[in-house]
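Biologist: I should like to learn how to read a model of this kind, feature by feature. Where should one begin?

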Amino acid sequence: MSSGIQVLGKVTSEVAGILTAEALAFVAGLAREFEPTRRSLLQARAARQAEIDAGHLPSFQPGRAAVRDQAWRVAKAPKDLANRRVEITGPSADPRMFINALNSGAQVYMTDFEDAHSPHWSRTLQGQLNLHNAVRRTLSVTTPEGREYRLNEQTSTLVVRPRGWHLTERHVLVDGQPVSASLFDFGMAFHHNVHAQLERGTGPYFYLPKMQSHREARLWNQVFDYAEEYARVPRGTVNSTVLIEHILAAFEMEEILYELRTHISGLNLGRWDYIYSFIKTFSGHKDMVFPDRAQVTMATRFLRSAAEMLVQTCHRRGSYALGGMSTYIPRRDDQAANERALDQVRTDKEREASQGFDGAWVAHPGLVAPVYQVFQGAFSGLNQLGKIPEVKVSASDLLAIPSGEITEGGLRNNISAALQYVDAWIQGSGAVAIFGLMEDTATAEIARAQLWQWLNAGSRLADGRSFTARLYTDLRTDEVGKLLEARPACDPGALDKATELLDNLVLSPTFVEFLTIPGNSYLE
């Protein structure tokens, strides 16, 4: 194409209306304006990680105390984001799941181009097409069996999660360089839908993932200002919610809110990515090793402290505090197991409601009603903004290592879950039910990161054995065999590729920051 824009991926007639010259020109404008800053921020991430590897642990920076001490509040949230008791999340590329989520009864549906999305080019474009049609209420599906899926008269408020700053969209080049996946996802969604959303009484709302600092939040705010000027809409039209899913971002919650104060309505504690970020950030510290994933609960000191501080920070500044994802999914085949899972979900959400959260995430429509009941019973009105917990959280609270054991069961669970997820992800599914839980990229990252951490720390299992490369290989071979036995011989899926990727990640001499980056080589 002209003007320095190249589209390298196949474009079918079904999605050609998404990649218009005008939309691509807008994305190119974003790239030319903000790509230098994005790259400098990624370099700053690497420099900060080098400091941590050298022993300089994070803390609350005195130089930013002025922001924390000043009296300021974020802008008032849009009316259709005032009640956020239940937010359902799901992949953007499946139109049937998109419709079911919007019809689920949740107050908000976050459609995902990130952790629950397998970023095949065709699926990324399909997600943008689904978004375009959902905004205009024309999204529908008829199955081969004749079953129709259509949007209800009343649907959830639609919010979009673009990919993080660290990723690129390799199928689109601007001046010879792959465009930022964040700018591509945001740019396409904003360009096509902003005016249609405003006409329908809603707006362009976004969930912002994977940030590590207030400077990265400042970049998003600049992007929003640029987009609003481009579309000739009022300042503050774009509204965002930031996922606090990195340990370094936890130390800058107030500063992140401040940078986005004209474009933000809340923070969400993304518990699974938060756990992963802790393991990743301190992967070189042998004295900061986590136990089995199942033992790392929200009751542990570092997670409880982050949750309490997030509620306090948000409500003090007039923004909503959203709880994390409940990954349990309803089971129709085992009523007793289903009741146990629902009890765990209720307990988890009752804890969040008592801490002051205004709502929380679920991954399945079957959890909307029970989670709504918890928050509906916990407080009257639309939210708990008036509840400001009196807590004091220190750096040592946020950096406390959970106690527990490393077991063979935990090893096998991590290996099998990672293999099953990556297998499905390569084939195009970004959210997968595994062992009764909804797994996405974040939980797969925990699984493979723990394996690397335990191996490189020379960790011992509860039974006294050392976790070695040989033990990993033996267990992985065994788990691959189990998975192959459970599927038809004619359909091995992408298990061979998943095994190759997992081995490369776990046995790498250095920690690989994101599995999705080397994993992209297996995608279309």
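The dialogue below goes from the whole chain to single elements and residues.

Modeller: One begins with the status of the coordinates: this is a predicted model. The next step is the inventory of secondary structure, and here the protein chain contains 18 helices and 15 strands.

Biologist: How does the radius of gyration of the protein chain relate to the globule rule for 524 residues?

Modeller: The radius of gyration is 22 Å and the rule gives 24 Å, which is close, so the chain is as compact as a globular protein of that length. Along the principal axes, the C-alpha atoms occupy a box of roughly 65 × 60 × 50 Å.

Biologist: What share of the residues in the protein chain is buried, and what share of the contacts joins residues 24 or more positions apart?

Modeller: Of the 524 residues, 60% are buried. Among contacts with a separation of 6 or more, 79% are between residues 24 or more positions apart. As for the surface, about 20,800 Å² is exposed, and carbon and sulfur atoms supply 49% of that area.

Biologist: How many positive and negative side chains are there, and how far apart are the centres of the two sets?

Modeller: There are 54 positive and 60 negative side chains, with the two centres 3 Å apart.

Biologist: Let us turn to a single helix. How does one read the span and the burial of helix H4?

Modeller: The general idea is that an α-helix has 3.6 residues a turn, so residues three or four places apart point the same way. The length of H4 can be checked first: at 1.5 Å a residue, its 15 residues (121–135) should span 21 Å, and the 22 Å between its end C-alpha atoms agrees with this. H4 is mostly covered, with 11 of its 15 residues buried; among them are Trp121, Leu125, Leu129 and Val135.

Biologist: Which elements do the buried residues of H4 pack against?

Modeller: The partners are strands S1 (5–7), S6 (157–161) and S7 (168–174), together with helices H3 (95–102) and H5 (181–199). Helix H12 (residues 368–378) can be read in the same manner: Val368, Pro370, Val371, Val374 and Phe375 are buried, and their cover includes strand S2 (86–91), helix H11 (335–355) and strand S13 (359–362).

Biologist: What should one look for in the backbone angles?

Modeller: Most residues other than glycine have a negative phi, and most peptide bonds are trans. Arginine 137 has a positive phi, near 60 degrees. Arginine 137 lies in the loop between H4 and strand S4 (140–142), and counts as partly exposed because its relative accessibility is 33%. Phenylalanine 435 also has a positive phi, of about 55 degrees, and is placed in the loop between strands S14 (432–434) and S15 (437–439).

Biologist: Is phenylalanine 435 buried or exposed?

Modeller: Phenylalanine 435 is exposed, because its relative accessible area is 53%, and the cut-off for that class is over 50%.

Biologist: How would one describe the surroundings of a charged residue such as glutamate 254?

Modeller: Glutamate 254 sits in helix H8 (residues 253–259). Its relative accessibility is 10%, so it counts as buried. Leaving aside residues up to four places away in sequence, glutamate 254 touches Val67, Arg68, Trp72, Thr313, Arg316 and Arg317.

Biologist: And which residues does proline 518 touch?

Modeller: Proline 518, in helix H18 (residues 516–519), touches Leu501, Leu505 and Val512, again not counting residues up to four places away. With 31% relative accessibility, proline 518 counts as partly exposed.

Key:
Residues are numbered from 1 along each chain as its sequence is written. This is a predicted model: local features need pLDDT of at least 70, side-chain atom pairs count only at pLDDT 80 or more; totals for chains, interfaces and linings use all residues. Side-chain values use heavy atoms; hydrogens and water are left out. Helices (H or I, at least four residues) and strands (E, at least two) are DSSP runs, numbered from the N terminus. The radius of gyration is taken over C-alpha atoms; the globule rule is 2.2 Å times the number of residues to the power 0.38. Buried means under 20% relative accessible area, exposed over 50%, partly exposed in between (1.4 Å probe, protein chains only). Contact means heavy atoms within 4.5 Å. Accessible areas come from the Shrake-Rupley method with a 1.4 Å probe; for residues, only the protein chains shown count as cover. Lys and Arg count as positive and Asp and Glu as negative; His and the chain ends are not counted. The place of a charge is taken as NZ of Lys, CZ of Arg, CG of Asp or CD of Glu. The expected span of a helix is 1.5 Å times one less than its number of residues.
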